[in-house]
Amino acid sequence: MSKRVDMTNGTLGDKIIKYTIPLAITGILQQLFNAADVAVVGRFSGKEAMAAVGGNAPVIGLLVNLFVGVSLGSNVFLAKSIGQKNKAQVSKAVHTSVIVAVLGGIFLTILGELFAPNVVEMLDVPQEVFPLAVKYLRIYLLGMPVILLYNFESAIFRSCGNTKMPLIALIISGVLNVILNLCFVLGLGMDVDGVATATVIANLVSSAILFISLLKTELVVKIQFSKLRVHTDVLVQILKIGIPAGVQGMVFSFANIIIQSAVNSLGTTVMAASSAAYNLEIFAYYIMNSFGQACTTFVGQNYGAGKNDRCKRVLSLCLLQSALGTFVICALILLFSSQLLRIFNTDPDVIRAGQIRLQYIFFAYIFSFAQETMSGYLRGFGVSFIPAACSVIGVCGVRLTWIFTVFRMTPSFQTIMQVYPLSLFVTAVATLVVMLIIKPSKRYVIHSA
């Protein structure tokens, strides 16, 4: 906890890298929970089980993203309060965030268990995959309270410049997840229920590690049981930032559910290929996303400290570093795509279709890295509605229109994939135009919560 990044003083470039690398690795390890699930069932239970696990990703994202957005609101509010050196507000935000995470997780568990079969049915899952997909989703949903708690705890650590503790927690729980996957599937003969159970246990461990760390720290983000309550004034400020971000994530996931349904209509082989490719492309996404989160937190703290010129330097550096990091990881994955896809499934048809997806998605990332960073910059100033609106129009609007028009006329996997670069191009341009118009570093001033 003591090795945190001082965001408001000194050089920026090296500190952004120092902050972002553990954050990116943490995101990748989170994805490895799913990748390990897909790889184990793909190798030892067949492509139907693999398709069931991968096909649930958009649904899980839809359920989780609202509260992940709220955790982003916590991150921004905490970063600004730390920059202002307002210890009372920091303490209120920390304890409010923990309660919101647990209650939100319980709500999602109950809601998801009630409607799991209906949600899977909406995905147009093939009949041979349907029972496995429902079983995986029901077990996964039991872990929602600890999954959301981990995300909020990570936001607390990020806000004070510490991205290493979430990484340590994920390394421990990630290794545990892989071991449990093999024990349950190979040792006990389970299929999707085994990998789902392993994921829930691993998330429980990671959230417990961070909670204990927050109990023991002497920093301002320390948790005390006697202070665990919802502070309405702070919650309102968090929700002003978090709700638009969460709705953006939900709408994004809804659009992906429609796309997943289109993918599912093309058969089990395409489903399996899309699932395998997703578990590779997401590594590059987490590079971009981490620089976006770094931009949010660095801007938030410097904005709170009244250093708006420093905020603009953060944006420039994050754009440059994100572009370089994204290019390198995409190039490496494409170079070794055949070998990497074979980790999940050895079917030649699955591998060929997976390579098609990777090529289209990585072309789209040319626009995505800029959009992620610019959105992070705006959120650092507390401007959350505008990037959310740009994404809703550019991502959801374009993708839904494409699926219900172009795909219906030409129903192929390539047709589906073409919508990714188009939609992300529209979103990036819209975000850039809005950012240039409002000029947040000059327009927005600090308001106390």
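The expected span of a helix is taken as 1.5 Å times one less than its number of residues. In this predicted model, helix α14, which comprises residues 385–409, has 25 residues and reaches 35 Å from its first C-alpha to its last, a value close to the 36 Å expected at 1.5 Å a residue. The helix is nevertheless bent, by about 35 degrees, at I403.

Residue I403 also belongs to the contact that α14 makes with α9. The axes of these two helices come within 9 Å and cross at roughly 15 degrees; because angles under 35 degrees count as roughly parallel, α9 and α14 are described as roughly parallel to each other. The crossing in which α9 passes α14 is left-handed. On the α9 side the contact is formed by P244, Q248, V251, F252, F254, A255, N256, I258, I259 and A262, and on the α14 side by F385, P387, A388, S391, V392, V395, C396, R399, L400, I403, F404 and F407. Sorted by class, the residues of this contact are 18 nonpolar, three polar and one charged.

Helix α9 (residues 232–264) packs in addition against helix α4 (residues 87–122), at an angle of about 25 degrees and with the axes 12 Å apart. That angle makes α4 roughly parallel to α9, and the crossing of the two is right-handed. From α4, residues Q89, K92, A93, T96, S97, V100 and M122 meet D233, V234, L235, I238 and S261 of α9. The contact of α4 with α9 contains six nonpolar, four polar and two charged residues.

A further pair is formed by helix α7 (residues 164–187) and helix α8 (residues 192–216), whose axes lie 8 Å apart at an angle of about 155 degrees. Since angles over 145 degrees count as roughly antiparallel, α7 and α8 are assigned to that class, and their crossing is right-handed. The α7 residues involved are M165, P166, A169, L170, I172, S173, L176, N177, L180, N181, F184 and V185, which meet G194, V195, T197, A198, T199, I201, A202, V205, S206, I209, L210 and S213 of α8. By class, this contact of α7 with α8 holds 16 nonpolar and eight polar residues, and no charged residues.

How values were computed:
Residues are numbered from 1 along each chain as its sequence is written. This is a predicted model: local features need pLDDT of at least 70, side-chain atom pairs count only at pLDDT 80 or more; totals for chains, interfaces and linings use all residues. Side-chain values use heavy atoms; hydrogens and water are left out. Helices (H or I, at least four residues) and strands (E, at least two) are DSSP runs, numbered from the N terminus. The bend at a residue is the angle between axes fitted to the seven residues ending there and the seven starting there. Axes are lines fitted to C-alpha atoms, for helices over the stretch in contact, and angles run from 0 to 180 degrees between N-to-C directions. Angles under 35 degrees count as roughly parallel, over 145 as roughly antiparallel, 65 to 115 as roughly perpendicular and the rest as oblique. A crossing is left-handed if the near helix is turned anticlockwise from the far one by less than a right angle, and right-handed if clockwise. Contact means heavy atoms within 4.5 Å. Ala, Val, Leu, Ile, Met, Phe, Trp, Tyr, Cys and Pro count as nonpolar, Asp, Glu, Lys and Arg as charged, and the others, Gly among them, as polar.
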